[in-house]
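User: Could you take a close look at one part of this protein for me, the aromatic residues and what sits around them? I'd like a walk-through in plain words.

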Amino acid sequence: MAAAPGAFSLREVLAAFQACVTEQREVLLGPYLQGWRGLVRFLNGLGAIFSFISKDAVTKIQIMESYCSGERREEYRTLQSMVSYELSRGLVDLQRRSSHPDSGCRTILRLHRALRWLQLFLEGLRTARQDASTSAICTDSYNASLAAYHPWVVRKAAVVAFCALPSRDAFLEVMNVGGPEEAVEMLGDALPHIRDVYGITQELYEQHCLLNLP
């Protein structure tokens, strides 16, 4: 079943994150951003509830796409080359946001944190029973990831908004791959690739002490 033009397609997200990791275990930023474009369509398809995350993600994607198509595009071909380039040139604000508030390292970190939430949420949807509370799944995933980086007012508003989430089957229908069983099967194929990209990024950022950039 083909998704409508502009609609979320889990197949496209799977293909993008599959293409992210090279044989040398580097993360290609082009496919990474393509995968994120697909995830934004997923968030947008769920309505205004997730706009506080999707709007921020779109801004970050646009910043990164400008780097990837700019004069120094070769330095932004992979996550590893970006980190090496920006750190060697002093382009990362390590202590406080000052001269480089939109550095690639900081921008990717924001997407990286949101990717963890989406990974946990989609994994929860995949493994939950049919009658499971999507509100509880989403809240637990949020509390285990993004909540730590949001002020209290945003956390409170997010949890209240999650109470209005549709059923698990309704979420799985948004995947545009057929019925719930097909969606669960494809999530099983997609999530290991998302986890792999997240794990490589986490290890790289930890190695360079970039996980707590201001």
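Analyst: Here is a tour that starts at one aromatic pair and works outward. Keep in mind that this is a predicted model.

Let's begin with Y32. This tyrosine is one of the residues with the most contacts inside the largest nonpolar core, a group of 67 residues. The others on that list are W36, M82, W117, M175 and Y205. Y32 is buried, with a relative accessible area of 2%. If you skip its neighbours within four places in sequence, Y32 is in contact with F17, C20, V27, I108, L111, H112, L115 and V197.

F17 deserves a second look, as the structure holds 10 aromatic pairs and F17 with Y32 is one of them. Their rings sit edge-to-face, 6.2 Å centre to centre, with 75° between the planes. F17 comes from helix α1 and Y32 from helix α2, so this pair ties together parts that are 15 residues apart in sequence. F17 is buried too, at a relative accessible area of 1%.

Now for another pair, F50 with F162. Their ring centres are 5.8 Å apart and the planes meet at 35°, so this pair counts as tilted. F50 is in the loop between α2 and α3, while F162 belongs to helix α7 (residues 152-162), so the pair ties together parts that are 112 residues apart in sequence. Both of these phenylalanines are buried. They also belong to a cluster: ring pairs link F50, W117, F121, Y142, F162 and F171. You met W117 a moment ago, among the residues with the most contacts inside the largest nonpolar core.

Next, the loop that follows α1. R25 is found between α1 (10-18) and α2 (29-44), and its backbone has a positive phi of about 65° although R25 is not a glycine. For background, most residues other than glycine have a negative phi. R25 is partly exposed, with a relative accessible area of 44%. Not counting residues up to four places away in sequence, R25 touches Q80, D196 and I200. As for L109, its C-alpha atom is separated from that of R25 by 18 Å, and the two residues are 84 apart along the chain.

N176 also has a positive phi, about 60°, and is not a glycine either. Its place is the loop between α8 (168-174) and α9 (180-207). N176 is buried, with a relative accessible area of 16%; the cut-off for buried is under 20%.

To finish, the open space. The largest pocket has a volume of about 250 Å³. The elements that give two or more residues to its lining are α3 (51-68) and α5 (104-127). The lining has 15 residues, and D56, R110, A114, L146 and H150 lie nearest the centre of the pocket. By type, the lining divides into 8 nonpolar, 1 polar and 6 charged residues.

So if you want a place to start in the viewer, pick Y32 and its edge-to-face partner F17, then move on to the ring cluster that includes F50 and F162.

How values were computed:
Residues are numbered from 1 along each chain as its sequence is written. This is a predicted model: local features need pLDDT of at least 70, side-chain atom pairs count only at pLDDT 80 or more; totals for chains, interfaces and linings use all residues. Side-chain values use heavy atoms; hydrogens and water are left out. A nonpolar core is a set of buried Ala, Val, Leu, Ile, Met, Phe, Trp, Tyr and Cys residues joined through side-chain atoms within 4.5 Å. Buried means under 20% relative accessible area, exposed over 50%, partly exposed in between (1.4 Å probe, protein chains only). Contact means heavy atoms within 4.5 Å. On a 1 Å grid over the protein atoms alone, a cavity is a set of points where a 1.4 Å probe fits but cannot get out, and a pocket is an open set with protein on both sides within 12 Å along at least five of seven lines; lining residues have an atom within 4 Å of a point. Grid points are joined across faces, edges and corners, and a volume is the space filled by probe spheres set on the points. Helices (H or I, at least four residues) and strands (E, at least two) are DSSP runs, numbered from the N terminus. Ala, Val, Leu, Ile, Met, Phe, Trp, Tyr, Cys and Pro count as nonpolar, Asp, Glu, Lys and Arg as charged, and the others, Gly among them, as polar. Rings of Phe, Tyr and Trp (its six-membered ring) pair if their centres lie within 6.5 Å; planes under 30 degrees apart count as stacked, over 60 as edge-to-face and the rest as tilted.
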